[in-house]
Structures are given as C-alpha cells and as structure tokens.
Amino acid sequence: MIAMSPTITLRGAVKFSLKKLIASGEMSTSTYTGPGELLMAPAFLGDITTLRLTGSETQPWNVGKDAYMASTQGVVKEYKNQGFSKAMFSGE
C-alpha cells in the first residue's frame, strides 16, 4: 500500500496454518474498508493486470507465489505446493 484516504479503515489479521507454512503463503492479511481511495503497488517492478471473475469460470486461476496483490471480499484464495517431482524437473 502506498497511500489511502483518511476515511478508510485498516484492519490486520494473522492466520497461521500448516498448509500456508509449507506452501510459503502469506500468514498476515490486511482488510481495508470504507469509502475513499487506496493506492497499491507491487513489491517488485512489473506489470499489473486486472482479472475480472464472474463466478462462472470453468477453470480456477492459478497465479505464482508473489503474483497475488489484492481482491474483493468474495474471492477465495487457496494455497497449493507444486510437489517435489515438479520442483526438481520443471526447469526453473
């Protein structure tokens, strides 16, 4: 977050789970509520793309570990690990 309007309220939470620990997921979340303007930027340089989710998608979106930046309330985030064999032979 770069800046926010004074009318916005920030609330943070820490949610520990073994699944997030193994998959290197984020343990803390920030929730912004209220009217106003919120300016966000990624931690590293790069492009930002908006994905519009309508709920009728047949396939879920898979994004990289550091690719997720923000979403609205109804979006469900799920953490998965790629597995040992894919990690060893993927070429990354």
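Here are three short exercises on the predicted model shown above.

**Exercise 1: The overall layout**

Work out which helices and strands the protein has and in what order they come.

*Solution.* Start by counting: there are two helices and four strands. Next, walk along the chain from the N terminus, and you will meet the elements in the order β-β-α-β-β-α. Then look at burial: of the 92 residues, 5% count as buried. Finally, turn to the outside, where the accessible surface comes to about 8,500 Å². Carbon and sulfur atoms account for 55% of that surface.

**Exercise 2: Pro35 and its surroundings**

Find where Pro35 lies, decide whether it is buried or exposed, and name its contacts beyond its neighbours in sequence.

*Solution.* First, locate Pro35 in the loop between strand E3 (28-33) and strand E4 (38-39). Second, check its relative accessibility: exposed means over 50%, and Pro35 has 59%, so it counts as exposed. Third, set aside the neighbours within four places in sequence; Pro35 is then in contact with Thr7 and Ile8. Ile8 is 27 residues away along the chain, yet the C-alpha atoms of Pro35 and Ile8 are separated by 6.1 Å.

**Exercise 3: Tyr68 and a nonpolar patch**

Place Tyr68 in the chain, classify its exposure, and list the residues of the nonpolar surface patch it helps to make.

*Solution.* Begin with the position: Tyr68 lies in the loop between E4 and helix H2 (84-89). Now take its relative accessibility of 38%; partly exposed covers values between 20% and 50%, so Tyr68 counts as partly exposed. To finish, gather the patch: Tyr68 joins Leu51, Leu53, Trp61, Val63 and Val75 in making a nonpolar surface patch of about 550 Å².

Technical notes:
Residues numbered from 1 in each chain as written. Predicted model: local features only at pLDDT ≥ 70, side-chain atom pairs only at ≥ 80, totals over all residues. Heavy atoms only, no water. Buried < 20%, exposed > 50% of the residue type's maximum accessible area, 1.4 Å probe, protein only. Areas by Shrake-Rupley, 256 points an atom, 1.4 Å probe, with all protein chains shown as cover. Contact = heavy atoms within 4.5 Å. Patch = residues over 30% accessible without salt bridge, like charges linked within 9 Å, V, L, I, M, F, W, Y side chains within 5 Å. Salt bridge = Lys/Arg side-chain N within 4 Å of Asp/Glu carboxyl O.
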